[in-house]
Amino acid sequence: MSLAQLSWPLWLVGLGVVAGLLFLLQRLRVRHRAVVVITTLFWQEAKEEARARTLVERFRHPLAYLLALLVAGLAWLAFADPIWRDGQGTRYTVLLDGSAAMARADRFDAAKDAVEDLAGRLPRGRSEVIWCGSAPQTLLAPGEDRSLLAMRLANLQPEATPSSIGRAIAMAAASRPMGADSSGTVVVVVGEAPEDQADVPSDLRWVHLPVGTDEVDDGARIVALGVSPADQVWGQVDALLTVRGGDGQAPQVGLGDVDWKGTVLRTQNAGETQYQIRGLPADGAVLHVRLAGDSAQSLASQAHLRLPKRAPIRVWVAEDARDGALQQVLQADSAIEQVADPAQADVVVLGSAQAPAKRPALRWVATEDQPQAILLQHEAELDSQDVLRYALGEFGLDRIDATEMAQTAGQAIELGAQVGDQREVRVWRSLLASDRYGLVESRAFPLLVGRGLRWLAQQAPVVPYVAAGRRLPMPLASDASGFAPAEDLLPTVAGSFAGPDGGAWEASLLAPWDPIPWAGGVASPADGLPTQHGSLFTWIVLLVLALLGLEWILFGSGRIP
Amino acid sequence: MTLLEPWYLLLGLAVLPVWVGRFRARSMVHGLLRSAAWCALVLALAHPVWQRESTAVQRVLVVDRSASMIDTPLAALGDLVRSAPKRDRAVWLEVGATASGASEVPGAVDRLQLGASASTSDLDQALARASASIPAGAAASVWIVSDGLATSGFPTRSLSELWARGIPVSWLRAGRVAGDVRPVALEPTGSANSVRAGVPAQLEALVEGLGQVVTCVLRDRSSEADGGGVRELARVEHVRVDGPTRVPFLWESPRAGFPTLELAVEIESGQDARPGNEVLMRTLAVQDPLRVAYLGERMQGGAERLGELLGAGFAVNEPSDSAELVASDVVVIDDRPAQAVPAALQESLVQAVTQEGLGLVMAGGESAFGPGGYHNQPIEDLLPVEMVQKEEKRDPSTSLVLIIDTSGSMGGNRVQLAKQVSRLAIRRLLPHDKVGIVEFYGAKRWAVPLQPASNSIEIERALNRLDAGGGTVILPAIEEAYYGLQNVRTRYKHVLILTDGGVESGAFEPLLRRMADDGINVSTVLIGPDAHSEFLVNLANWGQGRFYSVPDRFNLPEILLKQPASAKLPSYRPGTVAVQVHGGRGWWGEVDASGVPGLAGYVETRLRPGAERVIDTALEHHPILASWRYGLGRVSALMTEPTGPGTEPWQHWPGYGALMARVMLRTADDGAERFAFGVSRDGDQAIVVAEARRSEAGQPSAKRVGSEPADLVFAQVSPNRWEARFTWSQASDALLEAGAQGSLRSPQRLVLPASSGEAQERQVPEAVAARLGDWIGQAGGRVLEDLPTSLAEMPFSAADRSPGSLRLGPWLALLALVLYLLDLLYRRMPRTSS
């Protein structure tokens, strides 16, 4: 047992002071009172007991003294706030599920009550309460007062996020207090069962505390909302919406004020309804989807997704860079919009090596200006090898007939990459001569121009979906040369959020929770969980009250002074 | 103030006896003191709490003690933590540590240990634990004391969570070893799925160091578990390692699967600051050999010979049914006439190419393309070339060699008659035809070397010069004509022998039959009054020509040298022909395209618009190898027999096998797969991503293989993307096989390398640490190289005061004690009696 407010020596000193005070009080003459002596035989004795004109009398009534000392000592002990020595022994980790699944009915309120109740019964020094919302987070650390738990629970609500119970269990299994004994840890889960119960380490004791009802809620919920680029239309995307459960009523799909005349195709199988939403404008608007009806799972019955921005790449072509083949490629590419003012351009096409470019540039250079036939200039953050590797496949450079070109040119045809102020693709102008080289007639040329301009414009890849609790996914064939601003982004809860670069995102829940049977046992005293309330402080104070009442009765009946 | 257990207040009613009844207080003061003490205790039982703001800061130290750290400043850190204000709470979280060293940590802090060995430094989980240990709303800061070389890679998830909570993360870069030579990566160049059994693959090793010169050795340890030895595969010497250095290797796996390679770094010069981590083990995914379905007929053993030519990277088989055929990666129709490829099979091939992305290679000579009867067949439209035979309208070109007997027996009118017949024959030729004249008179001589028939003046002059005299030795003359015609490229080749029949005997038959086999017809003209010559008739028969008799100048025959223009023409063109190459690296790769020898025969075709010309003839630019996309697949056409006589000169060309392999790869690999697969990790989960490569791709499927086999369940997350997730311990490689549901094609193999273990711990690339530094800098944290002098140097979240509370119960108990003592004092204090 240890004391929270005092050290044991200090408490003992205090107890000694109290005992001394009581001793002095015991010897203090009792207040004057009338003593009725029924016979003169007792007169002498009565005179001794009720001696007049003395402040201190001899120590008498030792039982009364002991009673007073017990009352005062226990009160002093209550002030010291004793706790059982609970640094050793089984440790308890209580996990409170704060995921969106707990928003059903009064499930969460019941869970909060259960956690408070349980925390009151568990040893304070060996128990902690973890909130498992978007990420595990402490509600009550070991040794912290239970009052903090009540405060921290007061305004908690389930978050629009998948459960992090599984992570918290793994965390509890992986970490242990240094210097602790090997009594192990019992994890008590209050909420939904984790998805991967088979992955719970076998050496971890984990039980669940039933709360609310486990009945299946068949409310409709959105489990997927994602986009892909539309076929052959640069400025449009297609979306997939998957709804699980419910009665298959059509969802409300909206784009705010955006005028959209796309199509929605519906297929249904195995309890899921899929909607293909075609032809959405890729202009950065937010796609809102809400299921019809008043679903109990409101957090899962709506989803939002900010559509990608795929604005046309504005290209300005300098007078001395104009070429018939280039013009054909630019006109055929739906992603490219030619502008007349270089100030409005995202990418410029220049015809000489000398003119400094203020923007990313595709540049036709003279053969003598650079030894490489094609030279990629990139920012310092990128690795030239990675850029070359990316360009070789994506720009179609592996399809260029380098041998024939080399024979025609009379010199080696090389591909290179270097670091520069901004991105540039520099190509020998002579390669455009169709009477000498077959480049402009080959299938590699439109790839080189089209993909090259996209690389120069740093067009962000289309992020397929944004879900709470999941890292932002990148397309497999995304720009491997470094433009992935959101790769490290992880929305923790559904809703609007901003990325580190200031970009605006919308995350949806997209958590396909289905009731999962519990694999762990039910919390029971066998796991060392106390069934009764009561801290040591409470019991001591109750004892003090009882002794105080007894002492009052004894005093009132004249048994003690 | 709040009461946690207010129901205890009911005990307050027990104070009533102090005021009423038998035991009521005898004085007001006494009663008040006793009541107050009682009430204080009852209130204490109700657990009153005073809520207040706290200025305490919660500090979490994530201390990396893994094997990659050379020194963790435990004592200095302990002193630093001790210097923190008493009100602050500190959590000391060790990752990758054993129990030793815990004594350095101040006892007043919460001490947690993550993992029990030094072989992992899972910073992601450590930071997640750090985040979890910080109560909501608390002012807090997190420090990382680490070299940043986390086996878990960049801790995306945990850092995002801390960033979302506004808790700054600072990093004390400690324990780094400068000049530690170590291999940190070994992976295929290009996509991870690009390594195929039997096909040379480019691997790239990444070695880190500081100015040392090393030798990198690549070894195969795949068969070690089966009792086999370790085989050295490649060695690159004299590599100067200064920072991350890439070292290329060329490696060919003999079989598909998941072989384990060892990359060892041996130091040639310089010092390794920390030896013991110079060997990197990697498991690679090697895809099955490309499945080539071979449909041949004319070439005996063609499948075997094609298999030998292509090498171990291709499994060439002769399918037994159409299902097996279309399940292949590429189908080769080799010199098989159309009548041997039923229309239904052709239809299914067309369907598979256009809808399933099957690759098709049409090859062959005299039984393929036009000569094979593929005109107006379903497969014709797939081909990147047109068959010229079906539309041949031009006048066919002809080479004519006149062998004129100028022996003594031809004297007088006979030689003049022969000249007349010759003139008639030459007149039937067109300017682009060729003509030559060989005279024999005991010896042989080219009176007119082969030349265009347009040179009529010179030819006529040569004819006029002919005169009779000498013996009759015809065989060498015919041989001369044969050799002369072999190097001529014309549709028809004709030899016309003009003689009076008085010739010697010899081995004419084999020569003439051979000439006929090579497309050279031999006709004979008997000059003179004899109406018949058995010998000349035989010559014409053997040479598949005609026999003519010219008794006098009034009976000159019309020599038939050409078929009518409307007739079907043989489009197979035997004979040596030089070729030239086109196409980029995609077609030729490492093959030396400059040394392609000529062909010994090919089928003349025309390139279709949009088709890619890879090889054509040097003079006439007839396509030899052409290719194009058709539907979802790719079709290539090789206008000669890959294992037959047409490519006989190529059989000795070292690049032939490699070229054919690239043709097969290129034809089969161009978008044939319905899905592209990738695998990555997200915290303790592995994610398998399938992206559809076409609109009707179906459903993907994948399974784990190896020690933890399991089928994975994909969920569609966007119109063209599916994901499957599974929990992964990272202690061993995750081996996967993925493909399209219901597909008969070989599955794609994927590997997610293990990231925990002694070796991995000390082989984390510096790039991981660099990325961590960048992120922390951007998120408002600090990166320090030296231990700070004060905790104040580490920023902490200061958005809100931490919520705190004060339990009033003990203080109420103390109050009750004081009141009780006062009560006793009041009771015992002597008083003057009234």
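Let's start at a meeting point of the two chains: α1 (8–27) and α3 (62–80) of chain A, along with α17 (809–828) of chain B, each contribute at least two residues to the lining of the largest cavity. Keep in mind as we go that this is a predicted model. The cavity itself has a volume of about 60 Å³, and the structure holds 4 cavities of 30 Å³ or more.

Who lines this space? From chain A come A:L22, A:L25, A:Q26, A:A64, A:A68, A:E551, A:I560 and A:P561, while chain B brings B:L824, B:R827 and B:R828. Sorted by class, the lining has 7 nonpolar residues, 1 polar residue and 3 charged ones.

From here we can step back to the chains, beginning with chain A. Its secondary structure comes to 11 helices and 25 strands. Of its 561 residues, 51% count as buried. If you look at contacts in chain A with a sequence separation of 6 or more, 70% of them are between residues 24 or more positions apart. The surface that chain A exposes is about 25,200 Å², with carbon and sulfur atoms supplying 52% of it.

Now for chain B, which has 17 helices and 42 strands. Here 834 residues are present, and buried residues make up 57% of them. For contacts in chain B between residues at least 6 apart in sequence, 73% join residues at least 24 apart. The accessible surface of chain B is about 33,300 Å², and 52% of that belongs to carbon and sulfur atoms.

A word on cysteines comes next. A disulfide is a covalent bond between the sulfur atoms of two cysteines. How many disulfides are there over all chains? The count comes to 0. Two cysteines are worth finding in your viewer. A:C132 has a relative accessible area of 0%, so A:C132 is buried. B:C216 is also at 0% relative accessibility and therefore counts as buried.

Let's turn to the backbone. Most residues other than glycine have a negative phi. With that in mind, two residues of chain B deserve a look. One is B:H47, whose phi is positive, near 55°. B:H47 sits in the loop between α1 (28–45) and β2 (48–54) of chain B. Is B:H47 buried or exposed? Its relative accessible area is 9%, under the 20% cut-off, so B:H47 is buried. The other is B:Q544, which has a positive phi of about 55° although it is not a glycine. B:Q544 lies in strand β25 (residues 544–550) of chain B. With a relative accessible area of 54%, over the 50% cut-off, B:Q544 is exposed.

Our last stop is B:R291, in strand β15 (residues 290–296) of chain B. Because its relative accessible area is 24%, B:R291 falls between the two cut-offs of 20% and 50% and is partly exposed. Which residues does B:R291 touch, not counting those up to four places away in sequence? They are B:A315, B:A327, B:S328, B:D329, B:V330, B:L744, B:R745 and B:S746. One more pairing can be checked on the backbone: B:R291 and B:V331 are 40 residues apart along the chain, and their C-alpha atoms are separated by 8.5 Å.

Technical notes. Residues are numbered from 1 along each chain as its sequence is written. Chains are lettered from A and ligands numbered from 1 in the order in which they are written. This is a predicted model: local features need pLDDT of at least 70, side-chain atom pairs count only at pLDDT 80 or more; totals for chains, interfaces and linings use all residues. Side-chain values use heavy atoms; hydrogens and water are left out. Helices (H or I, at least four residues) and strands (E, at least two) are DSSP runs, numbered from the N terminus. Buried means under 20% relative accessible area, exposed over 50%, partly exposed in between (1.4 Å probe, protein chains only). Contact means heavy atoms within 4.5 Å. Accessible areas come from the Shrake-Rupley method with a 1.4 Å probe; for residues, only the protein chains shown count as cover. On a 1 Å grid over the protein atoms alone, a cavity is a set of points where a 1.4 Å probe fits but cannot get out, and a pocket is an open set with protein on both sides within 12 Å along at least five of seven lines; lining residues have an atom within 4 Å of a point. Grid points are joined across faces, edges and corners, and a volume is the space filled by probe spheres set on the points. Ala, Val, Leu, Ile, Met, Phe, Trp, Tyr, Cys and Pro count as nonpolar, Asp, Glu, Lys and Arg as charged, and the others, Gly among them, as polar. A disulfide is a pair of cysteine sulfur atoms within 2.5 Å.
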